[in-house]
Amino acid sequence: MSAPARPLAALVDHLRTERRAITATVVLVCVSLLCLTTISVLLAAAVGHVAVLRQAPPAWLWPLLAGLVLLRALLTWGEMDASHSLAFRVLARLRVALFDRYAVAFPARSRENHGRAAATAMTDTERLEFFYAHTVAQLLAAVVNAALGLTVLVLLDAGVAAVVAVALTAVTATVPMGRHRLDRLGGEVVTATGTLSDHVVDVLGSLREVLGYGLHEPVRRQVAQTGARAARAAGALETTHRLLAGSREAIVTLAAVGVLVTAFAGDVAPQHVAALVVLALATVAPVADAAATWAQLPSLRASAARVGTELARPAVVEPAARPAPLPEGPLGLALRDVGFRYADRWVLRGLDLEVAPGEHVGLRGPSGVGKSTVVALAGRLWDPDLGTVELTGAGGAVPLTALDEADLRAAVGVVEQDGRLFAGTVAEELTAGSDASWADAVDLLERLDLADALGPDDQLGEAGVRLSGGQQARLRLVRALLRRPRVLVLDEPTADLDAAAAARVSEVLRALPATLLVVSHREETLATMDRVVTLTPPPEAR
Ligand SMILES: Nc1ncnc2c1ncn2[C@@H]1O[C@H](COP(=O)(O)OP(=O)(O)OP(=O)(O)O)[C@@H](O)[C@H]1O
């Protein structure tokens, strides 16, 4: 996975639908800034008139100023409204794009750390939302305002225009200053924050272990160290920004003094000097602000690169280009000459395993031999490196790789051993995304001895934490059964259950008309199968 060369521009592709809104905010901010500049200059001109000529300014000035102030208020309101709703949509679009990608790309064999992905989805997208909704408009408005301000100054007084041009050049020259340092520190902040997020997600996910094993101190030390690293990088970045901001303010102040001196030395009428100084300041100051914003770009680029890298994650399994139809009637499952490796280590090699339509097959084997891997392959959570996994039927066999994703998910149900429940109610858990109703669930819950313990509105807590391990296992099974899969693949469905609950699960499974492949270490569970296959390590791993 590599980041695109121009990460901020590359993300615009994902914001195609927001281009109009981005353009609208740019126009609003430009007109609003020009309005503010005009108001400031007119007021300064009025002050000059009163102070030097001791005369009231012309009467037409007041309605003009009142109109401009009203226009500016409306523009500011419109700009706030447009940019905030744009920010909200940009955030939503980037997060939806990321979660869409994670859904097909994250169940990776390498089991990466989720903290970094969470940091990208939450923190980086927030930074980018600000960039597209506020920063782009501010940068462009400063440029337009400076171009117009300088043009007016050239027409009014060449000497003053020259001073302002020098100031604009000096302010712009601060942009590349410290660029490498800012790039490096911006990258460090993003990496350190990501690592901190990794740790925090890990710790929050294993709080019981932290308590149970008395690990507070080492965990606290580790989180504090990572936090300190992130804070050090952020502090150094902030100091560099402040130094640069200080030098830009000095340039703006010198420009004001330069304009004052040039105006008095030239033939500018004294009543116009204040207006000239204000126009010069109004021309240079927004560019100085824009230069400060520009200096934030390295960390924004680092965020955009991370989001871009995540969005470019290859899908774990590629969708079929031209999906084949599912075979009619009962379906069987076949692994033919399958080989599979995690990184460099082959776990399965030359594996042939066939479950006939309607057959119930048990799969046993020593721990670590690859049974859960077979389950993942049967549900196409990933593809084998060698051989094929197929669904078989009366009309022939279709490889899983040739099937439409939705057809495959509807036909094959998989319950992994460490599968998770979602936070929410029991009814939501069982009926979300399926056409099953609560009434359908009740019968299964009764047969699995869960009906008394679980009501439809009971909250499960994060990952089902409010249920016992055995209740969670049975609820995962009910969730899969309610989708009425034609092939059901279960990994250790009775491992967390006592003998009575395991017997109830076996009863439900025995009555199931579907094709069944059940991984289990439990002899009572295997005994209810039509046939039991023993998985052995591949020759070179023995
Ligand atoms: N994501 C992974 N990355 C690297 N190696 C893995 C990964 N998942 C499993 N393995 C390795 O692959 C082998 C097979 O694992 P698998 O979980 O399929 O075994 P299993 O037969 O289901 O074991 P158990 O009966 O203990 O659940 C093991 O040696 C395991 O260490």
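**Ligand shell and strand pairing in a two-domain chain**

Good morning. I shall begin with the ligand. Twelve residues surround it, and the closest are Tyr342, Ser367, Lys371, Ser372 and Thr373. Please bear in mind that the model is predicted.

Which element gives the most to this shell? That is helix 11, residues 371-378, which supplies three residues. Sorted by class, the shell holds three nonpolar, six polar and three charged residues.

Let me now place this within the chain. The domain assignment of the protein chain gives domain 1 as 7-311 and domain 2 as 332-541. The C-alpha centres of these two domains lie 52 Å apart.

Tyr342, one of the closest residues to the ligand, leads us to strand 1, which covers residues 332-342. Strand 1 pairs with strand 2, residues 345-355, in the antiparallel sense over seven bridges. The bridge partner of Tyr342 in strand 2 is Arg345. Two residues lie between the strands of this hairpin, and Ala343 takes a positive phi near 50 degrees there.

Strand 1 also pairs with strand 4, residues 386-393; this pairing is antiparallel and runs over six bridges. Two pairs may help you to find the register on the screen. Ala334 stands opposite Glu390 of strand 4, and Arg336 stands opposite Thr388 of that strand.

What follows strand 4 in this arrangement? Strand 4 forms a hairpin with strand 5, with two residues between them. Strand 5 comprises residues 396-399, and its antiparallel pairing with strand 4 extends over four bridges. Within that pairing, Leu391 faces Val398 of strand 5 as its opposite residue.

As a general reminder when viewing such strands, side chains in a regular strand alternate between the two faces of the sheet.

I turn next to a parallel sheet. In what order do its strands lie? The order is 6-7-8-3-9, in an open sheet of five strands with parallel pairing. Strand 6 (412-415) and strand 9 (531-534) are the edge strands, each pairing on one side only. On average, neighbouring strands of this sheet are turned by 15 degrees against each other, direction ignored.

At one edge, strand 3, residues 360-364, is joined to strand 9 by four bridges, and the two run parallel. Leu363 stands opposite Val533 of strand 9.

To close, I return to the ligand: helix 11 gives the most to its shell, and Tyr342, Ser367, Lys371, Ser372 and Thr373 are the closest residues. Thank you for your attention.

Technical notes
Residues numbered from 1 in each chain as written. Predicted model: local features only at pLDDT ≥ 70, side-chain atom pairs only at ≥ 80, totals over all residues. Pairing = 2+ DSSP bridges. Near = placed C-beta within 6 Å. Nonpolar A, V, L, I, M, F, W, Y, C, P; charged D, E, K, R; others polar. Domains from an automatic or database assignment. Axes fitted to C-alpha atoms, helices over the stretch in contact; angles between N-to-C directions.
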